[in-house]
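Here are my notes on this one, point by point. Have the structure open while you read.

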Amino acid sequence: VGERALIRTFTAGLRPRDARLLIGPGDDAAVVRPAGSLAVTSTDTTVLGVHLPLDDPRATPAVVGHRSLGTALSDLAAMGVPAGEAYVALTVPPDWDDDDVLAAVAGLEDLARATGTTVAGGDVTAGPALVVTVTVVGWAASEDALLRRDRALAGDLVGVTGTLGGSGAGLAIVLGDVAVAEAAVDPQDADTLVERYLRPLPRLEEGTALVAAGVRCGIDLSDGVAADAVHVAAASGVVLEIDLERLPRQAGVDPVALALGTDPAELAATAGEDYELLITAPPSVAGALTGVTWIGRVLEPEAPAGPGVRLLRGGAPVVLDGFEHRAD
Ligand SMILES: [Mg+2]
């Protein structure tokens, strides 16, 4: 397939969904009217064989399309801004044909439609391996209308949206590390877990609602609560104390974790790719929020440990294997 044909196939599948797009794919560059005074931009790359298992038949082009946009949009959710434009650079591997490119665009467009994202431009090339790089832009009205990593204050509560561990449990099923029947996972739960892993949904509505409710500190959970909370602790110069037993676990996570020989709370804390939001908020703001589970609190750092994450289990400190708690 020639590259010009690839680009034609790709752009034919795209639909603009906001009036801000003055010039879309087809000219030398995209032109967009800003929807706020601040452009919030993030780039995310998906490489098949690194971010998705190479040999899994469920890692279809449609999944690749959805996942590459979804993980990029999660960073806009984590900043508390709605989705705006996406710019997609796709390197098509030798074993993909025209239909595969169409399926990838369709998967990407399904999520773009659901989230109000316009794919405003990009590039398609043939190459030795599948690589998708997605740059997303959202628009914020002001500096106050953002969720930032460096805004946690001692006295804040620590919370998470949704449920955790689902993506990690789904991956274990995809990789065949856990047999659904042997683990006694409800088949419907198993399907939901696998779907959670393959097609993560960025928490865009939650992010903007949290900003509107007065929350100013947040991050998205790409690597798991235990690891991502360290970024907040480091940026804010505080200690985040989190109780593993308070982590909300998705249905089906417990039997999968037990079949893996892992503690369910530990899986929920470390598995990653759930793309929920972790926030901190003062009690006055936290009390009015819905859809957030409170899992801990923010403390002043103490010498000599300094900023970092302190994990508890039912009130007692725990250390997870191979986990770096210190923020430096
Ligand atoms: Mg992020």
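1. Let's start with strand 9 and its neighbours. Strand 9 is joined to strand 11 (residues 292-299) by 4 bridges, and the two run antiparallel. Within that pairing, Ile242 sits opposite Gly296 of strand 11, while Glu241 has Arg297 as its bridge partner. Keep in mind that this is a predicted model.

2. What about strand 12 (residues 308-313)? Here 5 bridges make the link to strand 9, and these two strands run parallel. Asp243 is bridged to Leu312 in strand 12.

3. How many residues of strand 9 are buried? The count is 5 of the 5 (residues 239-243), so strand 9 is largely enclosed by the rest of the structure. The cut-off behind that word is under 20% relative accessible area. Both faces are covered: Val239, Glu241 and Asp243 are buried on one side, and Leu240 and Ile242 are buried on the other. That fits the textbook pattern, in which side chains in a regular strand alternate between the two faces of the sheet.

4. Now zoom out to the sheet. It is an open one, with 7 strands in the order 8-10-7-11-9-12-13 and mixed pairing. Strand 8 and strand 13 (316-318) are the edges, each pairing on one side only. From one strand to the next, the twist averages 30 degrees.

5. Strand 8 (residues 217-220) deserves its own look. Its pairing with strand 10 is antiparallel and covers 4 bridges, with Asp220 standing opposite Leu277 of strand 10. Cys217 and Ile219 point one way from strand 8, Gly218 and Asp220 point the other way, and all of them are buried.

6. Which residues supply the protein donors of the magnesium ion? They are Asp75 and Asp220, each through an OD atom, lying 2.1 Å from the ion. Asp75 belongs to helix 2 (residues 61-79) and Asp220 to strand 8, so the pair ties together parts that are 145 residues apart in sequence. The two donors are not equally covered: Asp75 is partly exposed, at 22% relative accessible area, whereas Asp220 is buried, at 4%. With the buried cut-off at under 20%, I'd read the label on Asp75 alongside its 22% value.

7. Next, the helices on the sheet. Helix 2 lies across strand 8 and strand 10 (277-281), and runs at about 170 degrees to strand 8. Helix 6 (residues 204-212) lies across strand 7 (157-161), strand 10 and strand 11, at about 5 degrees to strand 10. Strand 10 therefore turns up under both helix 2 and helix 6, if we take "across" as the term for these contacts.

8. Last, a helix pair. The axes of helix 4 (residues 166-174) and helix 5 (residues 187-198) come within 7 Å and cross at roughly 100 degrees, which makes helix 4 roughly perpendicular to helix 5. On the helix 4 side, the contact involves Gly166, Ser167, Ala169, Gly170, Leu171, Ile173 and Val174; on the helix 5 side, it involves Ala190, Leu193, Val194, Arg196 and Tyr197. Sorted by class, that contact has 8 nonpolar, 3 polar and 1 charged residues.

How values were computed:
Residues are numbered from 1 along each chain as its sequence is written. This is a predicted model: local features need pLDDT of at least 70, side-chain atom pairs count only at pLDDT 80 or more; totals for chains, interfaces and linings use all residues. Side-chain values use heavy atoms; hydrogens and water are left out. Buried means under 20% relative accessible area, exposed over 50%, partly exposed in between (1.4 Å probe, protein chains only). Two strands pair if DSSP finds at least two bridges between them. Axes are lines fitted to C-alpha atoms, for helices over the stretch in contact, and angles run from 0 to 180 degrees between N-to-C directions. Angles under 35 degrees count as roughly parallel, over 145 as roughly antiparallel, 65 to 115 as roughly perpendicular and the rest as oblique. Contact means heavy atoms within 4.5 Å. Ala, Val, Leu, Ile, Met, Phe, Trp, Tyr, Cys and Pro count as nonpolar, Asp, Glu, Lys and Arg as charged, and the others, Gly among them, as polar. Donors are N, O and S atoms within 2.8 Å of the metal (3.2 Å for Na, K and Ca); water is not among the atoms, so sites may look incomplete.
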